[in-house]
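Subject: Structure handover

Hello,

Here is the structure for you to take over. My notes on what turned up follow below it.

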Amino acid sequence: MGRRIPIDLNPTREIVIDGAPVARALGLDKAAFFRLLGQRKIDQLCERGVGEDAGRFRASFYHGRKRVRVVVDHAGRVLEPLEISERTPGGTPSGA
């Protein structure tokens, strides 16, 4: 066996945010939002800030052509207004 290379995996972290504003921004009621989320019909992405953004997290939610981003701290407190955009047919967000 060759030399071993350690790989540092990010620890699992759960951050809880209020889903109601995200649901409204996607044009859904809260029940439909959580149902679709559970069915994996809403895609999610969470990014951890580094450098001057350390301690901040950006969660993106995608449904249909809409994308909603929310920036929160480790306790799930919203730090910036929601960013709402629409994906173009090529898959890239407009207004980004």
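Which element gives the largest share of the lining of the second largest pocket? S2 does, with three residues. Please keep in mind throughout that this is a predicted model.

**The second largest pocket**

The second largest pocket holds about 160 Å³ of space. Its lining consists of Glu-47, Arg-48, Gly-49, Asp-53, Arg-56, Phe-57, Arg-58, Val-71 and Glu-80. Two elements, S1 and S2, each give two or more residues to that lining. By residue class, the lining splits into six charged, two nonpolar and one polar.

**The largest pocket**

The largest pocket contains about 540 Å³ of space. Its lining is made of 20 residues. Those nearest the centre are Arg-13, Glu-14, Ile-15, Cys-46 and Ala-59. Two helices and two strands give two or more residues each: H1 (19-25), H2 (30-38), S1 (43-48) and S2 (56-63). S1 has the largest share here, with five residues. Of the lining residues, 13 are nonpolar, four are charged and three are polar.

**Salt bridges**

Side chains of opposite charge can pair when their charged atoms come close. The count for this model is seven salt bridges. Three of them are worth setting out by pair.

Start with Glu-80 and Arg-56. Their closest N and O atoms are 2.2 Å apart. Glu-80 sits in the loop between S3 and strand S4 (83-87), while Arg-56 is in strand S2, so the bridge ties together parts that are 24 residues apart in sequence. Glu-80 is partly exposed, at 35% relative accessible area. Arg-56 is also partly exposed, at 24%. The pair belongs to a network: salt bridges with shared partners join Asp-53, Arg-56 and Glu-80. Asp-53, Arg-56 and Glu-80 also appear in the lining of the second largest pocket.

Next come Arg-65 and Glu-86. This salt bridge spans 3.7 Å from N to O. Arg-65 lies in the loop between S2 and S3, and Glu-86 in strand S4, so the pair links parts that are 21 residues apart in sequence. Arg-65 is partly exposed at 46% relative accessibility. Glu-86 is partly exposed at 38%.

Then there are Glu-83 and Arg-67. Their closest N and O atoms are 2.7 Å apart. Glu-83 is in strand S4 and Arg-67 in strand S3, so the bridge ties together parts that are 16 residues apart in sequence. Is Arg-67 buried or exposed? Arg-67 is buried, at 2% relative accessibility. Its partner Glu-83 is partly exposed, with a relative accessible area of 33%.

**Asp-73**

Asp-73 belongs to strand S3, which covers residues 66-73. Why does Asp-73 count as buried? Its relative accessible area is 9%, and buried means under 20%.

What does the side chain of Asp-73 reach? One partner is the backbone nitrogen of Ala-75, at 2.9 Å. Another is the side chain of Arg-77, in a polar contact of 2.8 Å. Beyond its neighbours within four places in sequence, Asp-73 is in contact with Ile-15, Gly-55, Phe-57 and Leu-79. Two of these names have come up already. Ile-15 is among the residues nearest the centre of the largest pocket. Phe-57 helps to line the second largest pocket.

**Arg-40**

One backbone angle to look at: Arg-40 has a positive phi of about 60°, although this residue is not a glycine. Where is Arg-40 found? Arg-40 is in the loop between H2 and S1. Its relative accessibility is 72%, so Arg-40 counts as exposed.

**To recap**

- Pockets: about 540 Å³ in the largest, and about 160 Å³ in the second largest.
- Linings: 13 nonpolar residues in the largest pocket, and six charged residues in the second largest.
- Salt bridges: seven by count, with Asp-53, Arg-56 and Glu-80 joined into one network.
- Single residues: Asp-73 is buried, and Arg-40 is exposed.

Over to you.

Best regards

Notes
Residues numbered from 1 in each chain as written. Predicted model: local features only at pLDDT ≥ 70, side-chain atom pairs only at ≥ 80, totals over all residues. Heavy atoms only, no water. 1 Å grid on protein atoms, 1.4 Å probe; cavity = no way out; pocket = protein on both sides within 12 Å on 5 of 7 lines; lining within 4 Å. Points joined across faces, edges and corners; volume = space filled by probe spheres on them. Helix = DSSP H or I, 4+ residues; strand = E, 2+ residues; numbered from the N terminus. Nonpolar A, V, L, I, M, F, W, Y, C, P; charged D, E, K, R; others polar. Buried < 20%, exposed > 50% of the residue type's maximum accessible area, 1.4 Å probe, protein only. Polar contact = N/O pair within 3.5 Å; in protein donor to acceptor, adjacent residues only side chain to side chain. Contact = heavy atoms within 4.5 Å. Salt bridge = Lys/Arg side-chain N within 4 Å of Asp/Glu carboxyl O.
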